[in-house]
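Student: I am new to this structure and would like a close look at one part of it. Could you take me slowly through how the helices there pack against one another?

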Amino acid sequence: MVFERFFQDFRARPFSAWQIEITTRCPLACRMCVRQGIEQWQRADMPLSDFGRLAVQFTHVENVILQGWGEPLLHPDLLGIIRAAKSVRRPPAVGFVTSGKGLNEASCRELVLSGLDFIGFSFAGATAPVHEGIRVNSDFEELVEGVKSLEAEKRRRRSERPKIHLVFLMLKENMRDLPLLPALARGLDVPQIVLINLIQVTTEWQEAQKVFRCDGRSEFEELLSDTVARARERGVSVRRPLLTGCEAAVCEEDPLRNLYVSVHGEVAPCVFLHPPAAGTFPRIFCGKRSDTALVSFGNLFRQQIGDIWNSGAYREFRGRFEERSSRAGGQPFMPESVAESPGRGSRLPEAPGPCRTCHKILGL
């Protein structure tokens with residue numbers, strides 16, 4: 001097939017991850033969500049038939065993340081989507097992050113039986129008042145019971161999957177709960193916590209809530225280090241981001257091996273470049289507001305991935321990051337030897353235009 005021929009010179013699995021937005025609908029009204037700053041939100045579900053067009057190509061992908069700007073549990077064909085992704089030859093690992101809204105014993109049983117590989121549960125606090133004050137319309141106890149129910153179903157079926165982790169988006173308003181998070185994870189028998197920064201800032205409230213700094217030391221560094229130590233004592237691993245900006249040669253989204261597919265099939269380098277907005281969306285980057293155009297290099301419902309990936313515009317976009325990576329000696333951040341070498345310039349080659357106003361380019 002054409003797809004096989006296109007990738008014949010690549011490694012066995014050229015893509016590390018495809019992040020696929022299966023719905024843009026969500027029952028919550030989280031204060032840190034990008035939709036708080038977007039007036040014309042595009043609400044839609046990806047039809048199972050369209051997802052099937054993507055699934056036949058998953059043999060070239062290591063991980064498929066069924067996650068965009070909506071709640072995956074709301075998709076009416078979620079189980080069919082998971083099964084479609086797992087039914088291909090050499091299936092990828094499949095999972096998503098969820099608010100846990102509506103999860104019960106029956107749906108937990110279905111998720112375990114579906115073959116789901118991993119699932120992250122989003123917490124905005126380790127206590128109900130803090131969590132519910134940020135994730136509006138969420139019920140903290142319902143979320144906790146959802147994690148417990150899934151773990152119980154895994155034990156009943158003696159299944160190691162789906163692997164469970166907690167996701168905690170750090171805000172000034174919830175940092176007082178951060179030291180309590182390791183005990184919560186241990187109590188839920190969850191082995192890993194993933195801490196993340198507020199990257200896509202669209203409102204003034206969100207701008208004021210960032211715990212990282214674009215330059216200078218964050219006031220929360222010691223608190224974060226203490227939390228990591230507490231987690232280690234309890235046998236819980238923590239994946240944490242930087243709290244101080246440091247120019248990244250290639251951002252953590254890694255557009256050289258990953259891509260994002262919107263609910264309508266549009267292909268972008270990452271989720272931060274294609275929220276479900278009408279044409280443009282607002283951004284506040286290091287205190288400066290701007291409007292950013294949606295990025296798409298093609299549509300996977302109408303085109304082959306090889307044609308999109310190898311298009312001139314997409315190759316040029318990735319070429320910028322390839323140059324930056326080469327300049328930095330393959331390191332994720334610009335080495336001091338490069339930054340300070342006299343006569344060689346103090347910066348990496350410029351990132352693609354849409355990425356210059358994204359906090360991910362600062363390694364955050």
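Tutor: Helices α2 and α3 cross in a right-handed sense, and in this predicted model the axes of α2, which covers residues 48-55, and α3 lie 9 Å apart at an angle of about 20°. An angle under 35 degrees counts as roughly parallel, and α2 and α3 are therefore roughly parallel to each other. On the α2 side the contact is made by L48, F51 and A55, which meet G80, I81, A84 and A85 of α3. Sorted by character, the residues of this contact comprise six nonpolar and one polar, with no charged residue. One of the α2 residues just named, F51, also appears among the residues that touch the most other members of the largest nonpolar core, a set of 105 residues, along with I20, F58, L66, F121 and F123.

Helix α3, residues 78-86, also packs with α4, residues 105-114: their axes come within 10 Å and cross at roughly 15°. These two helices are therefore roughly parallel as well, and the crossing of α3 with α4 is right-handed. Here α3 contributes L78, L79, I82, R83 and K86, while α4 contributes E110, L111 and S114. The residues of the contact between α3 and α4 divide into four nonpolar, one polar and three charged.

Returning to the core, F123 has contacts with residues more than four places away in sequence, including H131, R135, F140, L143 and V144, and also L166, V167, F168 and L169.

Terms used: Residues are numbered from 1 along each chain as its sequence is written. This is a predicted model: local features need pLDDT of at least 70, side-chain atom pairs count only at pLDDT 80 or more; totals for chains, interfaces and linings use all residues. Side-chain values use heavy atoms; hydrogens and water are left out. A nonpolar core is a set of buried Ala, Val, Leu, Ile, Met, Phe, Trp, Tyr and Cys residues joined through side-chain atoms within 4.5 Å. Buried means under 20% relative accessible area, exposed over 50%, partly exposed in between (1.4 Å probe, protein chains only). Contact means heavy atoms within 4.5 Å. Axes are lines fitted to C-alpha atoms, for helices over the stretch in contact, and angles run from 0 to 180 degrees between N-to-C directions. Helices (H or I, at least four residues) and strands (E, at least two) are DSSP runs, numbered from the N terminus. Angles under 35 degrees count as roughly parallel, over 145 as roughly antiparallel, 65 to 115 as roughly perpendicular and the rest as oblique. A crossing is left-handed if the near helix is turned anticlockwise from the far one by less than a right angle, and right-handed if clockwise. Ala, Val, Leu, Ile, Met, Phe, Trp, Tyr, Cys and Pro count as nonpolar, Asp, Glu, Lys and Arg as charged, and the others, Gly among them, as polar.
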